[in-house]
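Hello,

Here is the structure I promised to pass on to you. Please open it beside this email, and I will walk you through what turned up.

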Amino acid sequence: MRSMVEGFLEGDIIMDTMGNMRRTHYCGEIPLEGGVEVVVGGFVQRVRNLGNLIFIDLRDRTGLVQLAFGDDTPRDVFEKAETLRNEYVVMAKGTVTPRESVNKDIKTGAYEIRVNELKLLSKAQTPPFEVSNSDKVNDELKLKYRYLDLRSEKLTKNLITRHEIAKIAREYFYENGFIEIETPMMIRSTPEGARDYLVPSRVHKGSFYALPQSPQIYKQLLMIAGLDRYIQLARCFRDEDLRADRQPEFTQIDLEMSFVDVDDILEITEGFMKRLFKEVKGVDIETPLPRLSYKDAMNRYGSDKPDTRFGMEIQDLSETVRDCEFPVFKNALEMGGSVRAIVVKNGASVYTRKEIDKLTEHAKGIGAKGLAYIRWVEDAPNCSFAKFLHEGELDTILSTLGAEKGDVVLIVADKDKVVLPTLGALRLICAKKLDIIPKDKYNLLWIVEMPFFEYNDETGHWDAMHHPFTMPLDECLPYLDTDPANVRAKCYDLVLNGVELCSGSMRITDRELQEHMFRALGMTDEEIAAKFGFLVDAYKYGTPPHGGLGMGLDRLAMLLCDADSLRDVVAFPKVQNASELMSNCPTEVDEEQLKELHLAITE
């Protein structure tokens with residue numbers, strides 16, 4: 001009986017080695033001219049056997065090309081083509097020839113390859129779903145077979161776009177004098193807002209490393225070290241609940257600069273965005289980008305990451321309704337709150353009473369006590385609080401808001417911390433419902449002068465809204481101890497179409513001021529020494545003024561790819577419970593591993 005090797009060498013086994021066949025072109029990049037001999041390799045996407053003719057769509061990461069087999073094809077090659085099925089891996093050698101039937105949907109659609117040599121490199125079982133039609137497959141199945149879904153044109157293009165973003169980032173920042181430096185992946189646990197992923201130490205019993213939520217402290221130390229322009233495509237980890245634009249592990253384009261102020265950092269970032277949009281999307285971004293203070297963003301849009309592609313801005317009705325007898329308005333104003341509204345233009349035909357009730361429930365879910373409305377369909381507007389109004393008051397409200405027949409007015413009355421985010425959320429819901437958000441528009445803007453502190457109702461303390469190393473505005477320093485709510489920070493967020501792309505700040509470089517900020521946040525000397533002692537010590541040895549930011553590479557890729565979720569731009573993403581369906585992680589480990597790490601699992 002012959003061995004497998006003997007059978008293989010004699011050609012009895014259907015799979016081939018590549019032999020002397022070497023790929024000369026990608027499928028989507030063959031020369032678009034007749035008579036050129038090429039060698040391509042890829043996955044079989046489709047087979048059409050017409051008897052005396054066989055056409056095969058061959059796919060690689062660049063696209064499709066049609067392979068043609070006919071009367072002029074060597075008989076053994078034709079017979080091998082008859083055996084091919086979807087997702088088989090093959091290489092083909094042949095001559096580029098004009099197609100009789102042009103396919104305008106693909107780049108190579110005017111040409112085909114007349115094959116004279118064919119090698120089958122790997123068979124494939126029938127896949128659990130058709131790769132070219134994976135959009136119609138449920139997410140759980142696609143994530144279980146992620147390596148198959150990644151063969152799809154959509155995900156392949158997304159990952160290539162993500163690669164282009166990373167490439168442009170490195171090139172741009174290198175050209176502008178930045179040095180790429182890696183910071184540690186196993187660090188000490190420091191309070192940064194989210195839960196840390198912890199790594200137990202085998203050597204140091206009972207001690208743990210943390211995976212970095214960001215390289216924040218290390219990049220500040222690099223500035224103290226004199227490496228005045230730092231860049232890194234940093235992996236970051238946060239143990240928090242997931243959503244469409246969040247993953248437990250993500251990549252951040254991280255930078256820090258010395259001897260600069262806010263304008264310098266914003267300018268270098270704008271230059272990158274301008275170049276990125278031009279090279280990836282062919283879109284010219286006008287710079288300098290608009291800036292909006294945090295206060296103005298909240299008052300106008302009800303969000304610190306506003307989508308400015310459409311109007312429907314929040315309007316303050318407080319003075320207009322100050323003498324109104326409606327108890328909801330009166331109570332809100334007496335408690336120091338406000339009465340504000342949005343006008344949903346041409347929304348009356350869409351927002352029936354039933355639909356407005358749904359909006360009311362949504363508003364209550366955010367924290368509002370209710371939702372007042374005016375719906376103007378007939379000649380006389382339908383007002384939910386009409387019985388409390390004196391003659392002419394409704395006309396005054398409508399005139400103040402610029403509301404007209406066909407519009408819906410949504411009104412919330414409460415403290416500003418409830419009113420503004422509620423109307424901000426309703427604004428987005430209504431815009432999506434009415435389909436008034438432009439799809440091919442990219443609105444970038446900076447949000448600046450954010451509050452330094454935010455009050456924690458649960459603890460009764462003031463927390464750092466950004467991080468404790470953020471520099472307050474100079475004019476706010478006198479309020480650190482007396483009026484924390486009035487302290488604004490030298491920090492800035494870059495927002496694209498309602499999504500926060502990056503966040504950064506100027507850093508405190510004065511040792512005494514840094515310790516003062518720690519104490520203002522309720523930290524004792526012992527806590528400061530335990531958590532940040534090495535950073536505070538470093539300040540003793542001379543610290544240049546510096547600042548920086550972290551830009552979400554995944555979110556940027558998601559927006560530039562017009563994707564619905566981060567999953568569409570991450571090769572192997574996690575699902576909502578932070579597990580990966582393909583490899584079925586996280587998993588239990590054996591008892592011996594736990595013992596080595598001095599750990600035990602308890603109920």
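**The β2–β3 hairpin and its neighbour**

Strand β2 (residues 54–60) and β3 run antiparallel and are joined by seven bridges. Just two residues lie between β2 and β3, and together the strands form a hairpin. If you look for Phe55, you will find that its bridge partner in β3 is Ala68. Ala68 also stands opposite Arg114 in β5. That belongs to a second pairing: β3 and strand β5 (residues 111–122) are parallel, with three bridges. Strand β3 covers residues 63–69, and six of its seven residues are buried, so β3 is largely enclosed by the rest of the structure.

**The whole chain**

Before going further, please keep in mind that this is a predicted model. The chain has 603 residues, and 47% of them count as buried. It contains 16 helices and 22 strands. Along the principal axes, the C-alpha trace spans about 95 × 75 × 55 Å. What share of the contacts between residues at least 6 apart in sequence join residues at least 24 apart? The share is 68%.

**An open sheet of eight strands**

Next, try tracing a sheet with mixed pairing: it is open, has eight strands, and follows the order β6-β9-β10-β22-β21-β20-β17-β11. Strands β6 (179–180) and β11 (291–293) are at its edges with a single partner strand each, so one side of each has no neighbour in the sheet. Within this sheet, β21 (residues 499–506) pairs with β22 (residues 546–552) in the antiparallel sense over five bridges. Ser503 is a handy place to look, as it stands opposite Gly550 in β22.

Helices lie across some of these strands. Helix α5 (residues 153–175) lies across β6, β9 (229–237) and β10 (249–258), and runs at about 150° to β9. Helix α8 (residues 294–301) lies across β11 and β17 (444–448), at about 85° to β11.

**Two helices that cross**

Helix α8 also meets α12 (residues 416–434): their axes come within 8 Å and cross at roughly 60°. The two helices are therefore oblique to each other. On the α8 side, the contact is made by Met298, Asn299 and Tyr301, and on the α12 side by Leu420, Pro421, Gly424 and Arg427. Arg427 has another neighbour to look at: its charged end sits over the ring of Phe310, 3.9 Å from the ring's centre.

**A covered helix and an exposed residue**

Is helix α6 mostly buried or exposed? Seven of its nine residues are buried, so α6 is largely enclosed by the rest of the structure. The buried residues are Gln216, Ile217, Lys219, Gln220, Leu222, Met223 and Ile224. Their cover includes β9, β10, β22 and α14 (525–538).

Ala225 then lies in the loop between α6 (216–224) and β9. Ala225 is exposed, with a relative accessible area of 58%. Its C-alpha atom is separated by 22 Å from that of Ile528, which is 303 residues away along the chain. Gly226, which follows α6, has a positive phi, near 95°.

**Aromatic rings**

There are 15 aromatic pairs in the structure. One of them is the stacked pair of Phe326 and Phe385, with 5.2 Å from centre to centre and 10° between the planes. Phe326 lies in the loop between β12 (315–316) and α9 (327–334), and Phe385 in the loop between β15 (382–383) and α11 (393–401), so the pair ties together parts that are 59 residues apart in sequence. Both Phe326 and Phe385 are buried. Elsewhere, Tyr172, Phe173, Phe178 and Phe272 form one aromatic cluster.

**One more hairpin**

To finish, have a look at β18 (residues 453–456) and β19 (residues 461–464), which run antiparallel and are joined by four bridges. Tyr455 stands opposite Trp462 in β19. β18 and β19 form a hairpin with four residues between them, and Gly460 in the turn has a positive phi of about 75°.

Enjoy exploring, and write back with any questions.

Best wishes

How values were computed
Residues numbered from 1 in each chain as written. Predicted model: local features only at pLDDT ≥ 70, side-chain atom pairs only at ≥ 80, totals over all residues. Heavy atoms only, no water. Pairing = 2+ DSSP bridges. Contact = heavy atoms within 4.5 Å. Axes fitted to C-alpha atoms, helices over the stretch in contact; angles between N-to-C directions. Phe/Tyr/Trp six-rings, centres within 6.5 Å; stacked < 30°, edge-to-face > 60°. Buried < 20%, exposed > 50% of the residue type's maximum accessible area, 1.4 Å probe, protein only. Lys NZ or Arg CZ within 6 Å of the ring centre and 35° of its normal. Parallel < 35°, antiparallel > 145°, perpendicular 65-115°, else oblique.
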